[in-house]
Amino acid sequence: MELTGAEIIIECLKAEGIDYVFGYPGGAVLHIYDAFYKQDDVQHILVRHEQGATHAADGYARATGKPGVVLVTSGPGATNAVTGIATAYMDSIPMIVITGQVPSHLIGNDAFQEVDSVGITRPIVKHNFLINDVKDMALIFKKAFYVATTGRPGPVVIDIPKDITAEKTEFEYPSKIEMRSYHPTVKGHNGQIRRAIELIKSAQRPMIYSGGGVILGNGSEQLRTFTRSLGYPITQTLMGLGAFPASDPLSLGMLGMHGTYEANMSMHHCDVLIAIGARFDDRVTGSLEKFCPEAKIIHIDVDPASISKNVKVDVPIVGEVAPVLDAINAELAKITEPSNLGAIEKWWAQINEWRAQDCLKYDQNSKIIKPQYVVEELYKATHGDAFVTSDVGQHQMFAAQYYGFDKPRQWINSGGLGTMGFGLPAAMGVQLAHPGEMVACITGESSIQMCIQELSTCKQYSLPLKIINLNNGYMGMVRQWQEFFYEKRYAMSYFDALPDFVALAESYGHVGIKVEKPEDVRPALDEAFKQKDRLVFLDFITDREENVYPMIPTGAGLNEMILV
Amino acid sequence: MVYEADNSEAVEMKHIISILIENEAGALSRVAGLFSARAYNIESLTVAPTDDPSLSRMTLVTSGTDEIVEQVCKQLNKLIDVVKLVNLTDDVHVERELILIKVKAENEARDEVKRIVDIFNGHIIDMTDTTYTLEVTGDSEKIDALLKALEHITMLEVVRSGQLGMGRGAKGMGCKPC
Ligand SMILES: Cc1ncc(C[n+]2csc(CCOP(=O)(O)OP(=O)(O)O)c2C)c(N)n1
């Protein structure tokens, strides 16, 4: 039977097992919306701004490992989606973004709502396609999902002119796909794995540094086995938190600009660094000249271009984290008597000295609510079991530092692009993926206003998120930099006219609670989580000038932290 | 462990890179866009379809330290449309470039130019009462030498193809067995 292009899109999504599409209609996609109207298999979630659609699909993908799907119209629909596409790209999130395009015969004419979507998104996608013929539709969708979800994942844009969605052809979804130009590496090279094992065995001061790649590659189990069988210390990047449990004594917490003292000092002094699914981002390495001066480096990564990009490594292993670690673990299991036990014991003694610094301490007796305290209480109120999304700023760092993530895919934030506005829509995607689970969005009064309109989407779909607004009245992270590096000239990091967030939440049909005293923090959180089917917006009035510590200033080494 | 600390490797060299890429709309802009987005330098780039019309062959000349060029190659390889990439500089290879030059050719310059073209194994492919259009092929050193030889002649227009390259020996680069 012949189907229209629009119907084929739905069939492709069904074939890929997609349950949700996040989108917003407009002229160029009306045929597609008409096809949506006529079926019940794929549910369309109507957001309030296309940026929200991309972040929601992104949050859904991060929480499930399945690709998120977005549908937007041409022109402004596509440009509004750009921030979310770039956010997903920087964090290697599998996502399919369908953008409507003006009819084929008008392309290039500066037609109404025409932009060159393929051109605009080219540098922020793993790949993109413009469909010229309805007969190519099924194959291009198959390719798009394959490319988005394999190797180092990433967003793929499919731009579809309106006329193509009305044309008809026979539909058949390819069951397999082979692309002569795309062959991601899965298994690691045996010789390299052997070299890595030798280095791992002989280490005197080893350090495991793992990143978001472990979560993306579903390698969390393997990482746990690897780390525990060796008894080596492990630190995780902002994107990697949860892959290895924060509550395990082997975990030194996060590293980098706002990492712990013990993690950064151990990085600086280690003699063998085992980097797993991490990419030596500048927020992690600090000054490259001073990075890990004594270390031989092993790097496991699925993306060959990540290897020796910023830091030259000694033993690169290109492959997916899980199979590579499986291979290494199998070899390690054969070792009965490690020869470096004495050295490792000494190393831990040193690390424990650094740990004793207690670098995350903060004033427990404050009469004003400390943001760190709210996060700690949130952890307790949710038994560490909530999915936590965040926006960008101090609150993001406090969330990463004080909510000890024990499970992968539990911590969802925009690490690479650092997109304010991410938290709320991402939480919607997480909640849809995991109905019945606790989902908290830790945010700030500035960030939340960037996608606040999505409160309306939450009402429409009854998403019972808990919004933890750490309201310090400042763009806290900007203010902190201005305090440290611009002699407290707080240029434009302050809003003079904040909304009444309680009234705002209520006007969207939600519950709002304002919390001003430390002793009210826990009761408010408990009350919020008791309301299982309501979105509760908790507006915590926090210490206005609290800073995130430790901090590594730009240009400094990991051993040159500013401590509280 | 860091490039900057290791000056011995920081020598900038010219590299000639051959790429087989899907002959699709936008393939060229993906390559060009990569260079501008990552601030890599691009000296010349030629592209045309091959005997297999579904594939284009590009020859790209860039310069940088070994590490930078390694990154360039990895990033190019990462483009979904790139089927195969070879850094020709790593092995013996041939390079050719074609140059067209329109020169003023009057009085004694008319003979002089003709002589130079002969020395460089070139041709005069168009002429007027006052000008010649020359065609010369060769590696970039030869082309540079030609331009130097013509220094005292008035050049009205110069166009270079950019370099083409191919590995020496029996092996082909394509997807086809040889
Ligand atoms: C879209 C966007 N614009 C600007 C920035 C720069 N920026 C980073 S943190 C920050 C302040 C965030 O303030 P708030 O949300 O109140 O969080 P706080 O730091 O106070 O916890 C800004 C403006 C950004 N990350 N994203």
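**Figure 1. The two domains of chain B, seen as a pair.** In this predicted model, the centres of domain 1 of chain B and domain 2 of chain B, taken over C-alpha atoms, are separated by 29 Å. The domain assignment places domain 1 at residues 2-87 and domain 2 at residues 94-164 of chain B. Where the domains touch, six residues come from domain 1 of chain B and five residues from domain 2 of chain B.

**Figure 2. A closer look at the contact between the domains of chain B.** Together, domain 1 and domain 2 of chain B bury about 420 Å² between them, and 59% of that area is on carbon and sulfur atoms. On the domain 1 side, look for B:Ile16, B:Thr46 and B:Thr59: these residues lose the most area to domain 2 of chain B, together 67% of what that side buries. If you search this interface for salt bridges, the rule finds zero of them. The count of residue pairs in polar contact between domain 1 and domain 2 of chain B, with both residues at pLDDT 80 or more, is zero as well. Three strands of chain B, S1 (13-22), S2 (44-49) and S3 (55-64), each supply at least two residues of the domain 1 side that touches domain 2. By class, the residues on this side of domain 1 of chain B are two nonpolar, three polar and one charged.

**Figure 3. The overall build of chain B.** To find your way around chain B, it helps to know that this chain has four helices and nine strands. Starting at the N terminus, the elements of chain B follow the order β-α-β-β-α-β-β-α-β-β-α-β-β. Taken along the principal axes, the C-alpha atoms of chain B fill a box of roughly 60 × 45 × 35 Å.

**Figure 4. Where chain A meets chain B.** Here 24 residues from chain A and 21 residues from chain B make the contact. Chain A and chain B bury about 2100 Å² between them, with 49% of this area on carbon and sulfur atoms. The rule finds three salt bridges across the interface of chain A and chain B. One of the salt bridges in the structure joins the side chains of A:Arg180 and B:Asp52, at 3.8 Å from N to O. There are also nine residue pairs in polar contact across the interface of chain A and chain B, both residues of each pair being at pLDDT 80 or more. Sorted by class, the side of chain A that touches chain B has ten nonpolar, five polar and nine charged residues.

**Figure 5. The surroundings of the ligand.** There are 17 residues around the ligand, and A:Gln394, A:Gly418, A:Ser446, A:Ser447 and A:Gly476 come nearest. Follow the oxygen atoms of the ligand to find its polar partners. An oxygen atom of the ligand is 2.9 Å from an N or O atom in the side chain of A:His395. For the side chain of A:Ser446, the distance from an N or O atom to an oxygen atom of the ligand is 2.8 Å. At A:Gly476 the partner is a polar backbone atom, 2.7 Å from an oxygen atom of the ligand.

**Figure 6. A salt bridge between two loops of chain A.** Over all chains, the structure holds 34 salt bridges. This view shows the side chains of A:Asp19 and A:Lys66, which meet in a salt bridge at 3.8 Å from N to O. A:Asp19 lies in the loop between helix H1 (5-15) and strand S2 (20-23) of chain A, and A:Lys66 in the loop between helix H3 (50-64) and strand S4 (68-72) of chain A, so the pair ties together parts that are 47 residues apart in sequence.

Methods:
Residues numbered from 1 in each chain as written. Chains lettered and ligands numbered in written order. Predicted model: local features only at pLDDT ≥ 70, side-chain atom pairs only at ≥ 80, totals over all residues. Heavy atoms only, no water. Domains from an automatic or database assignment. Contact = heavy atoms within 4.5 Å. Buried area = accessible area lost by both parts, 1.4 Å probe. Salt bridge = Lys/Arg side-chain N within 4 Å of Asp/Glu carboxyl O. Polar contact = N/O pair within 3.5 Å; in protein donor to acceptor, adjacent residues only side chain to side chain. Nonpolar A, V, L, I, M, F, W, Y, C, P; charged D, E, K, R; others polar. Near = heavy atom within 4 Å.
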